[in-house]
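Here are my notes on this one, written as numbered points. Have the coordinates open while you read, as I hop around the chain a bit.

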Amino acid sequence: MTVATKILMGSGAVAESAYEINQSLIFDDDSSAYLTRTPSSASNRKTWTWSSWVKRANLNPSGLVGLFGACDGNAVNATWIGFGTNDSLASIAADGNVALVTTAVFRDVSAWYHIVFVYDSTQGTASNRQKIYVNGVQETSFSTSNYPNQNLDSFINSNVQHSLGARTRPAGAIVTFFDGYLAETNFIDGTALTPSSFGETNSATGQWIPKEYSGSYGTNGFYLKFVSGALGTDSSGEGNNYTAANLANSDVVPDSPTNNFATYDPNVPTSYYVFSEGNLKVTVPNQWRITIASMGVSTGKWYWEQLVSSGTQNTHFGFCDDSAFFLDAGNYVGYKPGSWSYAGSNGKLYNNGGIIGSTLTVTSTDGGKIGIAMDLDNQKVWFSLNGTWMGTNANPSTGAGAAITNIVAGDTYYPATTVYGLSSTANFGQNGTFSGVATAGGNADTNGIGDFFYAVPTGFKALCTANLPDPAIPLPSAHFNTVLYTGNGGTNAITGV
């Protein structure tokens with residue numbers, strides 16, 4: 001789970017960011033989504049830089065999933081960069097052999113990583129011929145390290161098929177797909193750069209944040225913003241557009257490195273779960289299971305929406321505190337300690353397994369849209385069904401008619417959902433189409449953020465880092481440091497704190 005502070009969520013955080021990224025593109029491996037381009041001519045195959053902001057969804061792929069690469073149709077003749085089977089960052093060299101595999105693994109599905117791969121086979125020192133950076137820091141520990149021979153041509157920048165978001169072979173089967181989000185993707189043809197061309201350290205928080213790239217791109221270079229209506233359009237000025245496959249405008253979302261939105265969290269016990277659509281959709285066949293969001297809050301007013309694939313039968317919608325994180329994921333939200341829910345099967349309200357409220361409206365068997373408004377400052381919660389707030393004179397904007405009034409003040413609460421034999425798609429403000437199922441309503445929250453299907457109650461906010469309060473200590477290193485020492489079996493004065 002991610003702690004609900006801006007400083008840990010991959011946002012611009014406390015100090016103003018000099019550069020804002022407004023959107024990202026969801027790549028869903030279940031949908032076989034990717035982009036591709038075949039350059040008309042080869043360019044610099046010895047030197048290039050790839051930079052992108054990446055937010056992962058499904059983890060532990062069965063093989064290397066390509067973030068970017070090129071192949072001539074023969075599995076051996078390829079160069080790939082992406083995530084390996086143990087969630088490391090990895091690359092495959094031009095001869096088809098594994099080149100680099102980091103010992104570090106990258107499993108935080110709530111964070112945006114800035115990843116830079118640099119290839120420069122002209123370097124005299126072998127370890128300088130390929131480099132991997134994450135959040136501005138070079139990775140130097142590898143479980144596999146096979147550096148290219150000097151002046152070895154990669155297949156990237158040759159006139160063969162290049163793919164973004166998948167590891168592909170143009171003459172054969174597509175091998176593996178990336179699952180997650182990409183934003184602000186730059187490829188520089190002919191230049192080996194450092195991360196400082198694309199990011200910088202926020203002096204107020206110590207965070208690595210985006211910076212606009214201002215250099216040249218080279219013949220086959222490109223800059224993909226992933227804008228709705230122009231998913232693969234190159235904004236570098238070089239005209240190197242990519243063609244989208246199994247991607248739609250609804251896959252463009254405002255979730256970005258400068259405003260990170262909540263999703264479902266697959267790191268919670270995942271037996272029977274199937275996550276898709278950037279961890280916004282969960283399917284659970286014939287089991288009662290709790291799905292918990294990646295972001296929690298302890299104060300403020302918050303609103304989110306859920307779409308159910310077939311009515312609201314066999315569903316519980318609600319929230320839980322952090323005591324429910326790693327309990328057995330069986331049963332349903334509302335039946336666990338520290339959890340509350342509205343049950344679509346009977347319209348009742350539950351807390352810790354007991355019924356606490358009178359019957360609300362129950363939907364028909366067609367798809368249902370649930371809205372949840374949670375006021376943690378006044379310990380009240382409301383539920384809406386297909387746009388109508390349920391209960392007597394229910395109105396979150398005025399504070400009247402709340403369905404739940406007994407939540408504990410000061411606890412941190414996470415949106416939670418249970419479905420049985422169904423799928424549920426969340427909208428925490430980034431998914432107004434419910435992954436392309438509906439037409440977005442275009443409704444923003446009280447701060448003008450997000451895209452909700454229904455109007456947001458007055459004063460309520462989307463669950464994203466731009467709406468979280470600033471941390472009391474913006475720069476942790478100014479108030480905390482680590483001192484290492486070796487015990488000597490006797491007196492030992494520890495200094496330097």
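**Notes on the predicted model**

1. Let me start at a small spot: Tyr133 has Gln138 as its bridge partner in β10. Keep in mind throughout that this is a predicted model. The two strands involved, β9 and β10 (residues 137-138), are antiparallel and share two bridges. They make a hairpin with two residues between them, and Asn135 in that turn has a positive phi of about 50°.

2. Now the other partner of this hairpin strand. Strand β8 (residues 113-120) runs antiparallel to β9 and is joined to β9 by five bridges. If you want a pair to click on, Phe117 sits opposite Ile132 in β9. As for cover, four of the five residues of β9 (residues 130-134) are buried, so β9 is mostly covered.

3. Zooming out, what does the secondary structure consist of? The protein has 33 strands and zero helices. Its radius of gyration is 24 Å, close to the 23 Å from the globule rule for 497 residues, so the protein is as compact as a globular protein of that length. Along the principal axes, the C-alpha atoms fill a box of roughly 75 × 70 × 40 Å.

4. Some bulk numbers, in case you like to check such things yourself. Buried residues make up 54% of the 497 in the protein. Among contacts with a separation of 6 or more, 67% are between residues 24 or more positions apart. The accessible surface is about 18,600 Å², and carbon and sulfur atoms account for 45% of that surface. On the charge side, there are 21 positive and 34 negative charges, and their mean positions are 3 Å apart.

5. Strand β15 (residues 180-189) deserves a closer look. Why call it largely enclosed by the rest of the structure? Because 10 of its 10 residues are buried. I'd step through its pairings one at a time, as in the next point.

6. With β3 (residues 47-56), strand β15 pairs in the antiparallel sense over eight bridges, and Thr49 stands opposite Ile188 there. Strand β1 (residues 24-27) is also antiparallel to β15, with three bridges; Ile26 is across from Tyr181 in this pairing. Strand β18 (residues 222-224) is another antiparallel neighbour, again joined to β15 by three bridges. The bridge partner of Phe187 in β18 is Phe222. As a reminder, strands of a sheet pair through backbone hydrogen bonds, either parallel or antiparallel.

7. Further along the chain there is an open sheet of seven strands, ordered β21-β22-β33-β24-β29-β30-β31, with antiparallel pairing. Strands β21 (274-276) and β31 (388-389) are at the edges with a single partner strand each, so one side of each has no neighbour in the sheet. At the β21 edge, three bridges link β21 to the antiparallel strand β22 (residues 281-284). Phe275 and Val282 face each other in that pairing.

8. The loop between β21 and β22 holds Glu277, and this residue is worth a check on your side. Glu277 has a positive phi of about 50° although it is not a glycine. Is its side of the story buried or exposed? Glu277 counts as buried, at 14% relative accessibility.

9. Set that beside Asn60, another non-glycine residue with a positive phi of about 50°. Asn60 is in the loop between β3 and β4 (65-71). With a relative accessible area of 51%, Asn60 is exposed.

10. Last stop: Phe460, in the segment after β33 (422-427). Phe460 is buried, and its relative accessible area is 0%. Which residues does Phe460 touch, leaving aside those up to four places away in sequence? The list is Lys301, Trp302, Tyr303, Ala373, Met374, Asp375, Trp382, Pro396, Asp445 and Thr446. One of these, Asp445, is 15 residues from Phe460 along the chain, and the C-alpha atoms of the two are separated by 6.3 Å.

Methods
Residues are numbered from 1 along each chain as its sequence is written. This is a predicted model: local features need pLDDT of at least 70, side-chain atom pairs count only at pLDDT 80 or more; totals for chains, interfaces and linings use all residues. Side-chain values use heavy atoms; hydrogens and water are left out. Buried means under 20% relative accessible area, exposed over 50%, partly exposed in between (1.4 Å probe, protein chains only). Two strands pair if DSSP finds at least two bridges between them. The radius of gyration is taken over C-alpha atoms; the globule rule is 2.2 Å times the number of residues to the power 0.38. Contact means heavy atoms within 4.5 Å. Accessible areas come from the Shrake-Rupley method with a 1.4 Å probe; for residues, only the protein chains shown count as cover. Lys and Arg count as positive and Asp and Glu as negative; His and the chain ends are not counted. The place of a charge is taken as NZ of Lys, CZ of Arg, CG of Asp or CD of Glu.
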